Amino acid sequence: MKQVEKVLYSYRSLRRASKRLRRKACMIDDGLRSGYKAADVIPGRLSAVAYGEGQQENNAIRNDDLLRKANRADQLRRIIEEDVERLKEEDPRFGEEMAKVIKLKYLKNYRNQMIEAKLIISDSTLHRRRVKGLRVLENGGLHLLYEEIINLI
C-alpha cells in the first residue's frame, strides 16, 4: 500500500517533470533553429558560439528523447487518473466517495481536515475510504508504475 501512495503522491511531480522536459526540448530546438547556443556568460557582453554539424545531430536526438519522456510522463498521469476514476465502478455504494478522497488527498494534496470539510465526512470515514481505495488500486497493479515514474522524475 505504501508503494501505491508513493505513485499517487508522484502525480504532481510527473506534471512538473513533463513541463520541465518540454521546456528543455524547446530550448534545444530554439538553439538548433538558430544554429547558435549561448556561451559562458561574460558580464557586460553577449556571447554565442556556433553549433558544429555533429552537435546539431546530437541535440536533435536528445530533443526527441526529452519529448518522448515528457509524453510518457503525461501517459502515466492519465493512467493514474483513469485508475482513480475506476474506483467508482469497483464499489457502487462508496466508489464515488473513495475516488474523491483519493483525488483530493493525493492528486490535489489536500489535508485531511480540508477533505473532511469538503466532503462532510468524519475522520474515521475518511480513513476507511482512503484505505479501501488504496487496496483496490494496489490490486489493480498501480504500484507497478513506481520504478518507471522514479526514472522520469
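Residue I149 is located in helix α7, which spans residues 146-152; helices (H or I, at least four residues) and strands (E, at least two) are DSSP runs, numbered from the N terminus. I149 has a relative accessible area of 0% and is therefore buried, where buried means under 20% relative accessible area, exposed over 50% and partly exposed in between, with a 1.4 Å probe and protein chains only. Not counting residues up to four places away in sequence, I149 touches V7, S10, L14, L76 and I80; contact means heavy atoms within 4.5 Å. The C-alpha atoms of I149 and A73 are separated by 7.5 Å, although these residues are 76 residues apart along the chain.

The structure is a predicted model, in which local features need pLDDT of at least 70 and side-chain atom pairs count only at pLDDT 80 or more, while totals for chains, interfaces and linings use all residues. Residues are numbered from 1 along each chain as its sequence is written, and side-chain values use heavy atoms, with hydrogens and water left out.

The protein contains seven helices and two strands. Along the sequence these elements follow the pattern α-α-β-β-α-α-α-α-α. Of the 153 residues, 38% count as buried. Among contacts with a separation of 6 or more, 70% are accounted for by residues 24 or more positions apart.

One of the residues touched by I149 is S10, which lies in the loop between α1 and α2 (11-34). With a relative accessible area of 8%, S10 is buried. A polar atom of the S10 side chain lies 2.6 Å from the backbone oxygen of V7. This is a polar contact, that is, a pair of N or O atoms within 3.5 Å; within protein, one must be able to donate a hydrogen and the other to accept it, and residues adjacent in sequence count only if both atoms are side-chain atoms. Not counting residues up to four places away in sequence, S10 touches I149 and I153.

Helix α1 (residues 2-9) packs against helix α4 (residues 95-107), with axes that come within 8 Å and cross at roughly 70°. Axes are lines fitted to C-alpha atoms, for helices over the stretch in contact, and angles run from 0 to 180 degrees between N-to-C directions. The crossing angle makes α1 roughly perpendicular to α4; angles of 65 to 115 degrees count as roughly perpendicular, those under 35 as roughly parallel, those over 145 as roughly antiparallel and the rest as oblique. The crossing of α1 and α4 is right-handed, meaning that the near helix is turned clockwise from the far one by less than a right angle, whereas an anticlockwise turn is left-handed. In this contact, E5, L8 and Y9 of α1 meet I102, K105, Y106 and L107 of α4. By class, the contact has five nonpolar, no polar and two charged residues. Here Ala, Val, Leu, Ile, Met, Phe, Trp, Tyr, Cys and Pro count as nonpolar, Asp, Glu, Lys and Arg as charged, and the others, Gly among them, as polar.

Helix α1 also packs against helix α6 (residues 123-139), at an angle of about 95° and with the axes 9 Å apart. That angle makes α1 roughly perpendicular to α6. The contributing residues are V4, E5 and L8 of α1 and R130, L134, L137 and E138 of α6. The contact of α1 with α6 has four nonpolar, no polar and three charged residues.

The axes of α4 and helix α5 (residues 112-119) come within 10 Å and cross at roughly 145°, in a right-handed crossing. Residues K100, V101, L104 and K105 in α4 meet N112, I115, K118 and L119 in α5. By class, this contact has four nonpolar, one polar and three charged residues.

Most residues other than glycine have a negative phi. N109, in the loop between α4 and α5, is not a glycine yet has a positive phi of about 65°. N109 is partly exposed, with a relative accessible area of 46%. I120, in the loop between α5 and α6, has a positive phi of about 55° and is likewise not a glycine. At 73% relative accessibility, I120 counts as exposed.

In helix α6, S124 is partly exposed, with a relative accessible area of 40%. The side chains of S124 and S122 are joined by a polar contact of 3.2 Å.
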